[in-house]
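Please open the model in the viewer and keep the sequence panel visible beside it. The tour proceeds by selections, each followed by a short account of what is found there.

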Amino acid sequence: MKPRHCLSLLIAATLCSCGFHKQWRTDFSDAPISAPAEAKKRVIETYDGITLGHVEFTDHGSFWDDRQLSKLESVVRSNLKTHPEKYRKGALFVAFAHGWNHNAQEGDGNLDSFRKLLSTLKQSEDTAHGQHRPVIGVYLSWRGRTKPKVPTDAPQLLTTFWGRKEAAERIGYRAMAETLTRISLLREDVAAVEGVPEHLWNSRLYVVGHSFGAAAVFSSVSRFFEDEAIELKLKARDRKAYIARRWDLVVLVNPAFEAQRYAILDKYKDFSTNSLFGRMPRLLVIGAENDVPCRTIFPVGQWLDFSSHVTKNDAEFDHIRSAAAQYEKFYTHDLIPAARPDCPATLTPKEHAGNHKHIPAFSTFESLGVTTTADSIGGFMVARADKSIVDGHNGIWKDNFRTFLARLIEARENAVKAGTQRGGQ
């Protein structure tokens, strides 16, 4: 019997498998509300030019009710049909998958912070230099919490480690993968209204995941990115110049999955292409320098799970034991404080960040303070975050990080506009 199974038997009496395993969003009415406080159990929230849809998953990897996703699709497509003028410049889609300790219950801190991010992005859209696109959010939720909150959650995290990790990966391979693909197709419907070729689309789809939620997202997107990166590396001259735009940018914060699963992307991260979209950021992995769960509890959990058949002399052991964002050899950047009022954090490249070719449009990342050098931008990046930006495992929604994320998206938008004006696709 594996050590983890022995431990599970010892603590079984303290773990209630049914705790918080329920559907929180059951109200399918879609009338606009004046503020998020009125949302309560709404599946669809529409307020201040923002549409927010909730999609919930069971521990087995299925939808609690697939009408939630269908309702979001219906609302967007209906609005697209009746008010196409609102979408002439596209739409901005943002999906977020929370991690351990959270769910779709009203009052959840991650949900409130995600709403603030959507509001920040909408404000950017409505400025004089914005594109005034509708903002469409998708809150991807699951049973991140299994027991009531206690003064210290570390013992609960250790005792629920395997169950939450396995549930997140099941969700990622199943219903979440379907969800992210269907949102991508919904984005294509919106982009069709723009009446321009695909490489000129203004519609965007960004995906953010945290902790085990990041593990679920990675399970959904990794095979796609691996296939695209391998093809670019080995067949770029014969076929295409950039990764297909199923998701424009995926950001994983303090992801709770093993480094072994990221190894292929690290191997092929330096694919060679002169295309703007070929060098555009597509996957950014961020690990806090003081992320205790991923730095200490994750390795313990992995050791207990794998120690029976992997020795410390095995070359794979470090890959299996380490969390992806805490594996030193994967680092390409540091995310450090910046003395700028518009962007409080900046990406500084490590020496082994890769030899990226200069593309003029990337100067927007530097001018907005997102990076220290425009040439440091690449398709796949792994950054270690200073604690003032991401504080510990759960401190992902500090104002500094939320502002950095908004500036990163803005810089990417500006780079695309600058590149298309030069015909650099």
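The stops below lead from the whole chain to the sheet, then to helices and single residues.

**The whole chain.** Begin with everything displayed, and bear in mind that this is a predicted model. The protein chain contains 13 helices and ten strands. Of its 425 residues, 56% count as buried. Among contacts with a separation of 6 or more, 75% are made by residues 24 or more positions apart.

**The sheet.** Now colour the strands. In what order do the ten strands of the open sheet stand? The order is 1-2-4-3-5-6-7-10-8-9, and the pairing is mixed. Select residues 44-47, which form strand 1, and residues 345-349, which form strand 9. These two stand at the edges; each has a single partner strand, so one side of each is left without a neighbour in the sheet. From one strand to the next, the twist averages 20°.

**A pair of strands inside the order.** Select residues 249-253, strand 6, together with residues 283-288, strand 7. The two run parallel and are joined by four bridges. Within this pair, V251 stands opposite L284 of strand 7.

**Helices on the sheet.** Next, select helix 2, residues 67-82, which packs on the sheet. Helix 2 touches strand 1, strand 2 (50-56) and strand 4 (135-141), and its direction makes about 160° with that of strand 2. Then add helix 3, residues 109-125. Helix 3 lies across strands 1, 2, 3 (92-97), 4 and 5 (204-210), and runs at about 165° to strand 4.

**Helix 6 and its end.** Select residues 175-194 to display helix 6, which has 20 residues. From its first C-alpha to its last, helix 6 reaches 29 Å, close to the 28 Å expected at 1.5 Å a residue. Helix 6 is followed by G195, whose phi is positive, near 70°.

**Two helices that cross.** Keep helix 6 and add helix 7, residues 212-235. Two packed helices are described by the angle between their axes and the distance between the axes. Here the axes come within 9 Å and cross at roughly 65°. The crossing of helix 6 with helix 7 is right-handed. To see the contact, show the side chains of M176, A177 and L180 in helix 6 and of A216, V217, S220 and V221 in helix 7. These contact residues divide into six nonpolar, one polar and no charged.

**L234.** Remain on helix 7 and select L234. Is L234 buried or exposed? It counts as exposed, because its relative accessibility is 57% and the cut-off for exposed is over 50%. Add F271, which is 37 residues from L234 along the chain; the C-alpha atoms of the two are separated by 8.3 Å.

**Two asparagines.** Finally, select N101, in the loop between strand 3 and helix 3. Phi of N101 is near 85°, a positive value in a residue other than glycine. N101 is buried because its relative accessible area of 13% is under 20%. Move on to N254, in the loop between strand 6 and helix 8 (263-267). Phi of N254 is near 45°, again a positive value in a residue other than glycine. N254 counts as buried, at 0% relative accessibility.

Notes. Residues numbered from 1 in each chain as written. Predicted model: local features only at pLDDT ≥ 70, side-chain atom pairs only at ≥ 80, totals over all residues. Heavy atoms only, no water. Pairing = 2+ DSSP bridges. Axes fitted to C-alpha atoms, helices over the stretch in contact; angles between N-to-C directions. Contact = heavy atoms within 4.5 Å. Expected span 1.5 Å × (residues − 1). Left-handed = near helix turned anticlockwise from the far one by under 90°. Nonpolar A, V, L, I, M, F, W, Y, C, P; charged D, E, K, R; others polar. Buried < 20%, exposed > 50% of the residue type's maximum accessible area, 1.4 Å probe, protein only.
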